[in-house]
Amino acid sequence: MPLMDEQRIQQAVEILSQGGLVAIPTETVYGLAANAWNEEACHEIFALKRRPPSNPLIVHVAQRGRLGDAVALPLPDKMEQRLAAVADLWPGPLTLVLPRNPRLPRIVTAGQESVAVRIPSHPVALKLLACCPFPLAAPSANRSTGVSPTQAEHVRDEFGGDAPLVLEGGDCRCGLESTIVTLLEDEPRLLRFGAMPAEFLAHRWGISLDVLLREAAPSEGERGSNTVVPGQLKIHYAPRTAVWLLDDAPPVDRRRGRWGRICFHDPTDREREEYAELCVISRDDDSTEIAGRLFAALRELDHLHLEGIVVDKCAEIGLGRAIMDRLRRASANRSTS
Ligand code: TXA
Ligand code: MG
């Protein structure tokens, strides 16, 4: 790691140790990090993001050996087995919901007895975590309901003069948030589609996709509670400009304003003519490429004061499930704006 980065990391450790915030790169999206054991610091995350206190934070640890910093150990046998079956996917874009270590302040878990935890796979995040004697609570580094940042520049854009120190880590490799799965039930249940494909996880646990993707059974405790189900706010990942999925879009006419288009293929001559701004993020519907560039493309077009942004659709398998999930939520801003 270059000396410059080392110095920055030391600076970040100091800020975090004193209860401050630092934006950090991960392989999924940039996170807004604080010492997860420091209640005041975690308050700052909610304040800066304008995040409702009912929406809990993900806690990041440096390695398996430090899972206990966030999670109540030892785990019950079955949970331990479920964890062992995916242990090699860490560091990586998988977040698991496990019983919380009571050392975590209530605010981190929004009062729940569980905690969402992961080991990120980015050299800067891992180095920082290894240097901190505490775990890091870090939601995506954007205002609540906005588009997650996949470049350091996005974070500075998002928070302007209020931006904390941003550790530079280049473009996020995945470009979509981690997949979240709870291990607190009889079988693992997916809470948020993400960069780790659901099919792959179901295979690892030897369960069917239907089981992994089943609806939550309303439990006594949950009924009437107002805890936000992860990543499931209907309007989320939404730019200010109205977003349309291709099949739902109104006829685009240059005479009625400038429209933007995000293409997952080489645009046709007609498409080139119709749209004032074209952003081709894949030439052949490659879901890895689409995931990697989607949020940056939405941000870029959002700056151009367009009438609307029309986005291609992709097949809902593997990563495509997370891509379509984000696009549906991004397009939900139309009804309210
Ligand atoms: O890829 C990611 O997961 C990024 C990077 C920075 O790690 N983080 C991220 O955090 O996307 P955030 O806060 O934007 O989304 C975290 C989601 C929220 O929807 C929250 O509801 C859910 O995780 N969550 C957190 N704690 C939970 C818990 N104890 N039980 C269920 N869901 C939880
Ligand atoms: Mg987020």
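**Reading the terms against the values**

Visitor: Where in the chain does His303 lie?
Guide: His303 belongs to the loop that runs between helix H9 (287–302) and S13, in what is a predicted model rather than an experimental one.

Visitor: Why is His303 called partly exposed?
Guide: The relative accessible area of His303 is 45%, and since buried requires a value under 20% and exposed a value over 50%, His303 falls in between and is therefore partly exposed. As for its place in space, the C-alpha atoms of His303 and Arg240 are 9.0 Å apart, with their positions 63 residues apart along the chain.

Visitor: What makes Lys313 partly exposed?
Guide: Lys313, in the loop between strand S13 (308–311) and helix H10 (319–331), has a relative accessible area of 36%, which is neither under 20% nor over 50%, so the term partly exposed applies to Lys313.

Visitor: Which residues does Lys313 touch beyond its sequence neighbours?
Guide: Leaving out residues up to four places away in sequence, Lys313 touches Leu245, Leu246, Asp247, Phe264, Asp285 and Met324. Ala41, by contrast, is 272 residues from Lys313 in sequence and 40 Å from Lys313 in space, C-alpha to C-alpha.

Visitor: What is the order of the strands in the open sheet?
Guide: The open sheet has 9 strands in the order S7-S1-S2-S6-S3-S5-S4-S8-S9, and its pairing is mixed. Strand S7 (165–166) and strand S9 (189–192) each have a single partner strand, which means that one side of each lacks a neighbour in the sheet and that S7 and S9 stand at its edges.

Visitor: How do you know that S1 and S7 are paired?
Guide: Strand S1 (residues 22–24) and S7 are joined by 2 bridges and run parallel, and since pairing asks for at least two bridges, the requirement is met. Within this pair, Val22 stands opposite Leu165 in S7.

Visitor: How many bridges join S1 and S2, and in which sense do they pair?
Guide: S1 and S2 share 3 bridges in the antiparallel sense, with Ala23 opposite Leu32 in S2, and the two strands form a hairpin with 6 residues between them. S2 is also joined by 2 bridges to strand S6 (residues 136–137), again antiparallel, where Leu136 is the bridge partner of Asn35.

Visitor: Why is S2 described as largely enclosed?
Guide: Of the 5 residues of S2, 5 are buried, so S2 is largely enclosed by the rest of the structure.

Visitor: Which residues touch the most other members of the largest nonpolar core?
Guide: This core has 49 residues, and those touching the most other members are Leu94, Leu96, Leu98, Leu201, Trp205 and Leu212. Among the elements that give two or more residues to the core are strand S2 (31–35), helix H2 (39–49), strand S4 (94–99) and helix H6 (198–205), with H2 providing the largest share, 5 residues. Apart from this core lies another, of 27 residues, including Tyr237, Phe295, Ile323 and Met324.

Visitor: How do you know that the buried residues of H6 line one face of the helix?
Guide: The residues in question are Ala198, Leu201, Ala202 and Trp205. Seen down the axis of H6, they fall within an arc of 100 degrees, and therefore they line one face. They pack against H3, S4, strand S8 (179–182), S9 and helix H7 (209–212).

Visitor: What makes the buried residues of H4 a single face?
Guide: In helix H4 (residues 123–131), the buried residues are Val124, Ala125, Leu128 and Leu129, and seen down the axis of H4 they fall within an arc of 130 degrees, so one face of the helix is lined by them. Pro123 and Ala130, on the other side of H4, are exposed.

Visitor: How many aromatic pairs does a search of the whole structure find?
Guide: The search finds 0 aromatic pairs.

Visitor: What makes Arg103 count as lying over the face of Trp37?
Guide: Arg103 is 3.5 Å from the ring centre of Trp37, and since the distance limit is 6 Å, the distance condition is satisfied. The direction must also lie within 35 degrees of the ring normal, and Arg103 is accordingly listed as lying over the face of Trp37.

How values were computed:
Residues numbered from 1 in each chain as written. Chains lettered and ligands numbered in written order. Predicted model: local features only at pLDDT ≥ 70, side-chain atom pairs only at ≥ 80, totals over all residues. Heavy atoms only, no water. Helix = DSSP H or I, 4+ residues; strand = E, 2+ residues; numbered from the N terminus. Phe/Tyr/Trp six-rings, centres within 6.5 Å; stacked < 30°, edge-to-face > 60°. Core = buried A, V, L, I, M, F, W, Y, C linked by side-chain atoms within 4.5 Å. Buried < 20%, exposed > 50% of the residue type's maximum accessible area, 1.4 Å probe, protein only. Arc of directions from axis to C-beta. Contact = heavy atoms within 4.5 Å.
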